[in-house]
Amino acid sequence: MRADHLFKVFDIHSSGAPSRLIMSGIPPLRGDSVMEKMLDFAANHDWIRHALVLEPRGKDMTSGIVLQPPSRPDADVGAFFIEAHGYLPMCGSDTICTVTALLETGQLPITGAETVVRLDTPAGLIEATAAVENGRVTGVTFVGAPAFCLLPDQQVTLPSYGTVTVDISYGGNFYAITDADPFGLELAPDTTKPASRFAGELHQAVNEQLVVQHPELEPVHGVTHVLLYSEPADGIGPTKDMVVMPSGMIDRSPCGTGTTARVATLLSKGRLELNEPLAHTSVTGGQDTGRAVSRGQGGPVPPCRGAITGNAPITADSTIYVDDSDVLAAGFQLT
């Protein structure tokens with residue numbers, strides 16, 4: 001087989017959001033922390049991201065998980081997350097996929113019906129608990145990075161829609177969160193284009209009109225994602241949500257970090273209690289459930305810790321070949 005680079009991977013999906021867990025082929029990365037190693041990867045090995053998540057070996061929606069030795073003693077494994085548009089310090093669906101694949105393939109030991117896995121990520125330590133039956137993971141619950149509503153009830157102006165009230169919240173990534181219903185946007189698989197156009201305008205307007213900076217993580221600034229939601233008309237059942245990424249692609253999953261950000265927002269506004277569940281259903285029909293498990297004290301934006309529950313089946317166990325003489329060795333993306 002003609003190849004200059006080999007990458008052993010597992011493919012997994014969470015509610016249709018495809019993840020690729022990279023088990024081998026990554027060169028040694030410089031840095032003491034997982035954040036520093038992610039920055040080194042971005043500066044010196046970004047072609048690997050292009051090769052593994054873009055066409056012809058991936059798709060616009062494919063994300064990847066780069067495993068690393070943990071930089072802290074209380075973690076089982078280090079990980080950072082790559083996507084078509086770049087890098088993420090944290091990804092909820094990728095976390096669910098990572099834990100599922102590491103346990104079901106024997107990379108980490110199953111220790112009981114509830115097996116704890118701790119991930120060292122650029123966003124901090126992520127503790128996940130896998131529910132296991134007969135050697136199979138039936139669900140993963142993880143406690144995300146400290147989440148908070150940075151800028152509640154902000155008003156921005158969109159060229160096509162006028163004034164929009166939006167919450168700017170962090171759940172591992174920064175989200176602009178707003179209700180889709182006042183703008184007549186239906187969050188359904190066959191009507192995504194109008195909502196996607198709205199999200200694109202909102203994303204640009206927020207980053208032009210508001211200053212968004214994480215209070216502790218200097219590299220994390222600016223809104224990267226838009227979360228649109230639609231409450232059930234009868235007040236019963238899960239909330240529909242649609243997360244639009246920087247590339248304009250729509251998340252197939254309900255989005256773990258987005259759900260965490262919305263949990264933090266509702267908790268800060270007194271519209272959600274500690275341990276009260278918030279169910280989000282994505283445009284594919286997949287469902288995640290979030291809840292706030294603790295509330296921080298002090299500071300300009302007191303954080304909370306949110307727990308997200310979802311599941312992810314493995315779809316492939318394969319080796320990806322990259323031939324340097326291939327004119328598309330580094331992948332491509334159509335815009």
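Select Thr157 and Thr163 to begin: in this predicted model, Thr157 stands opposite Thr163, a residue of strand S10. Now widen the selection to the two strands, S9 at residues 148–158 and S10 at residues 162–170. They run antiparallel, and eight bridges join them. The connection between S9 and S10 is a hairpin, with three residues separating the strands.

While the side chains are displayed, one general point applies: in a regular strand they alternate between the two faces of the sheet.

Keep S10 on screen and add strand S11, residues 174–179. S10 and S11 pair in the antiparallel sense, here over four bridges. To see one of the paired positions, pick Tyr170 and look for its bridge partner in S11, which is Phe174. Next, go to Gly172 and read its backbone torsions. What sign does phi take at Gly172? It is positive, near 120°. Gly172 belongs to the hairpin of S10 and S11, which has three residues between the strands.

Leave the strands and select helix H1, residues 34–44, together with helix H2, residues 46–53. Their axes lie 5 Å apart and the helices pack at an angle of about 85°. Angles of 65 to 115 degrees count as roughly perpendicular, so H1 is roughly perpendicular to H2.

For the contact itself, show Phe41, Ala42 and Asn44 on the H1 side; these meet Asp46, Ile48 and Arg49 of H2. Colouring the contact of H1 with H2 by residue class gives three nonpolar residues, one polar and two charged.

Note on methods
Residues numbered from 1 in each chain as written. Predicted model: local features only at pLDDT ≥ 70, side-chain atom pairs only at ≥ 80, totals over all residues. Heavy atoms only, no water. Pairing = 2+ DSSP bridges. Axes fitted to C-alpha atoms, helices over the stretch in contact; angles between N-to-C directions. Parallel < 35°, antiparallel > 145°, perpendicular 65-115°, else oblique. Contact = heavy atoms within 4.5 Å. Nonpolar A, V, L, I, M, F, W, Y, C, P; charged D, E, K, R; others polar.
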